[in-house]
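Visitor: Could you take me through one part of this model up close? I'd like the cut-offs along with the numbers.

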Amino acid sequence: MASNHSVSGEEAKRHKLEGPQKHIVAFVLSLALTIIAFAAVAAGEINTTFTYIILVVMALIQVFVQLAFWMHMKDRGHLFPIICILSGVFVVFAMVIMAVYWVWW
Amino acid sequence: MSAHQHVEGHLPHEPEKATLEGRNKVLGFWIFLGAEVVLFGTLFSAFIALRHQVLDGPHPSHLFELPMVFAATMILLTSSLMSVFAVQAMHRNKMKALIGWLFVTIILGLAFLGLEIYEFNTYVSEGHKMNTSAFSSSFYTLVGFHGAHVAFGVLWISLLIAQLFKKGLTVVTAPKIYLSMIYWHFIDVVWVFIFTVVYLMGKVG
């Protein structure tokens, strides 16, 4: 390794240092999904149910993109984080269904 | 990993996972994040159940202003990208770039907080207070909790920058940087649900 601590091209290749490209793609994708969601609402009353579906789908895709790329869940050795987050999500589903059921039925 | 290159004074590849302590921190932090998902989930469940109970307070579709929420979303999203660059600078052992990216992350976090404080101030002046209705209480609890997380993140990262100046980038400080950046992304993920469920769905009705 060079004395200035910067990583040479050969070194980068050996350790597979990831470049910013994927993350910029994830950023642009998140940006597009956000804009679609806001535009669907700003466009006015298309159809309430249809708008809701667009919003939920856009949010789920964006969360998936951010978890996979920015929180490294797509990388190897991330089974434990996935289990942690999924068990959290499981409790959340139970919570939301319970709260809505209690209040509205 | 080639051991012969990791001589005294050199930082190993992926310094956040180079020591057992670092790996344990990452593991423990994911358990914490699982619990955070549950914490925000309970607040979301309360909000979703109570969001139509406005009493005589303002209705969400009149209250929320999309441009302001959109600006806040863009700020937090950009801030998340900046923290990606911070970790990449750390993996390349570029101390100055790392501190620079962390600094930009904090500035954007502060901008988000400022916008949120301004927003809450406007709402209160429009008669949307903490004790106005079930909707307003659950709104302030949920969004305020997220804001508190942002404030904590800003404080945490500021302290980490101070520690970087004092101790430099080592296998002790690297896991802390890595985890604070994971935390920052997590805050952004929670915000995706907040702008969708609270603001956009509130606007739709």
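Visitor: Let's look at where the two chains meet: how much area do chain B and chain A bury between them, and what share of it is on carbon and sulfur atoms?

Guide: Quick ground rules: this is a predicted model, where local features need pLDDT of at least 70, side-chain atom pairs count only at pLDDT 80 or more, and totals for chains, interfaces and linings use all residues. Residues are numbered from 1 along each chain as its sequence is written, chains are lettered from A and ligands numbered from 1 in the order in which they are written, and side-chain values use heavy atoms, with hydrogens and water left out.

Now to your question: chain B and chain A bury about 4,700 Å² between them, with 77% of it on carbon and sulfur atoms. Buried area here is the accessible area (1.4 Å probe) that two parts lose on being put together, summed over both. On the chain B side, the elements giving two or more residues are helices H1 (20–50), H3 (66–91) and H6 (173–204); helices are DSSP runs of H or I, at least four residues, numbered from the N terminus. H6(B) gives the most, with 14 residues. By class, that side of chain B splits into 28 nonpolar, 20 polar and six charged residues; Ala, Val, Leu, Ile, Met, Phe, Trp, Tyr, Cys and Pro count as nonpolar, Asp, Glu, Lys and Arg as charged, and the others, Gly among them, as polar.

In contact terms (heavy atoms within 4.5 Å), 54 residues of chain B touch 54 residues of chain A. Salt bridges between the chains come to zero, counting a side-chain nitrogen of Lys or Arg within 4 Å of a carboxyl oxygen of Asp or Glu.
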